[in-house]
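These are my notebook entries on a single chain. I looked up helix packing, then aromatic pairs, then the overall fold.

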Amino acid sequence: MARPRNTPNDPQRRQRILAVTMELLKETGIASVTARSVATRAEVPVGSVSYYFDSVKGLLLQASQQLLGRRTAQIADWDYQDTGGDALLEQLAELIHHQITTGRSLTVVSYELYLLGLRDPDFQQISAHTVGALRNKLLEHFPAKRASHLAATADGYQLQALFDQKPPSVASILTTLKSE
């Protein structure tokens, strides 16, 4: 049976283009995402990128929604186990440590994408939602002011730690959170 006219013969092409874009973002940052670099890496014609996405910005918006959605999901899925004392702060310190070590590449690209929201209103809503995810999770356990302070401390700590040669220990992060 012949394929209908104007139907792509590669039904996974759009998703592959998006997946390659996310890989490039995680590996080398926003500046590396061009229609040509994505097409080359996805092994598709350059025209396929513009067929599925109206612009590189549109491609970045889709990638941002997926990547930042993953980060938001990680925070939402954070399963706090109430064992008393400073258990929540200890678990928060472990979450931060994970995001600057094992999850470092996602954290780096997340901050790059957040910054797009400072200048581009299309990215602003995605960025604001993701930045607020930790605060919203902490609101389940702390008063609003304390949750906001802890989220801001965690955010600033993560950003600073990305510039350090050696990531801080969980104990060091915990000390900072307790002194907040």
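**Entry 1: H1 against H4.** I asked how helices H1 and H4 are oriented to each other. Working on a predicted model, I took H1 as residues 13-28 and H4 as residues 56-76. Their packing angle is about 70 degrees, and their axes lie 9 Å apart. Angles of 65 to 115 degrees count as roughly perpendicular, and H1 and H4 are therefore roughly perpendicular to each other. I also noted the handedness: the crossing of H1 past H4 is right-handed.

Next I listed the residues that make the contact. H1 contributes Arg-14, Gln-15, Ile-17, Leu-18, Thr-21, Met-22, Leu-25 and Lys-26. From H4 come Leu-59, Leu-60, Gln-62, Ala-63, Gln-66, Leu-67 and Arg-70. Sorting the residues of this H1-H4 contact by character, I recorded eight nonpolar, four polar and three charged.

**Entry 2: aromatic pairs.** How many aromatic pairs does the structure hold? I found two.

One pair is formed by Tyr-51 and Tyr-52, whose ring centres are 4.8 Å apart. Their planes stand at 90 degrees, so I entered the pair as edge-to-face, the cut-off for that class being over 60 degrees. I then checked whether Tyr-51 is buried or exposed. Its relative accessible area is 57%, and Tyr-51 is therefore exposed.

The other pair joins Tyr-111 and Tyr-114, with ring centres 5.2 Å apart. The planes of Tyr-111 and Tyr-114 meet at 80 degrees, so this pair is edge-to-face as well. I looked up where these two residues sit, and both belong to helix H6, residues 104-119. Because Tyr-111 and Tyr-114 are three residues apart in H6, about one helical turn separates them.

For burial I applied the limit of under 20% relative accessible area. Tyr-111 has 9% relative accessibility and so counts as buried. Tyr-114, at 10%, likewise counts as buried.

**Entry 3: the whole chain.** I closed with the overall description. The secondary structure consists of nine helices and zero strands, and the order from the N terminus is α-α-α-α-α-α-α-α-α. Along the principal axes, the C-alpha atoms fill a box of roughly 65 × 35 × 30 Å. The chain has 180 residues, of which 43% count as buried.

Finally, I looked up how far apart in sequence the contacting residues are. Among contacts in the chain with a separation of 6 or more, 69% are between residues 24 or more positions apart.

Note on methods:
Residues are numbered from 1 along each chain as its sequence is written. This is a predicted model: local features need pLDDT of at least 70, side-chain atom pairs count only at pLDDT 80 or more; totals for chains, interfaces and linings use all residues. Side-chain values use heavy atoms; hydrogens and water are left out. Axes are lines fitted to C-alpha atoms, for helices over the stretch in contact, and angles run from 0 to 180 degrees between N-to-C directions. Helices (H or I, at least four residues) and strands (E, at least two) are DSSP runs, numbered from the N terminus. Angles under 35 degrees count as roughly parallel, over 145 as roughly antiparallel, 65 to 115 as roughly perpendicular and the rest as oblique. A crossing is left-handed if the near helix is turned anticlockwise from the far one by less than a right angle, and right-handed if clockwise. Contact means heavy atoms within 4.5 Å. Ala, Val, Leu, Ile, Met, Phe, Trp, Tyr, Cys and Pro count as nonpolar, Asp, Glu, Lys and Arg as charged, and the others, Gly among them, as polar. Rings of Phe, Tyr and Trp (its six-membered ring) pair if their centres lie within 6.5 Å; planes under 30 degrees apart count as stacked, over 60 as edge-to-face and the rest as tilted. Buried means under 20% relative accessible area, exposed over 50%, partly exposed in between (1.4 Å probe, protein chains only).
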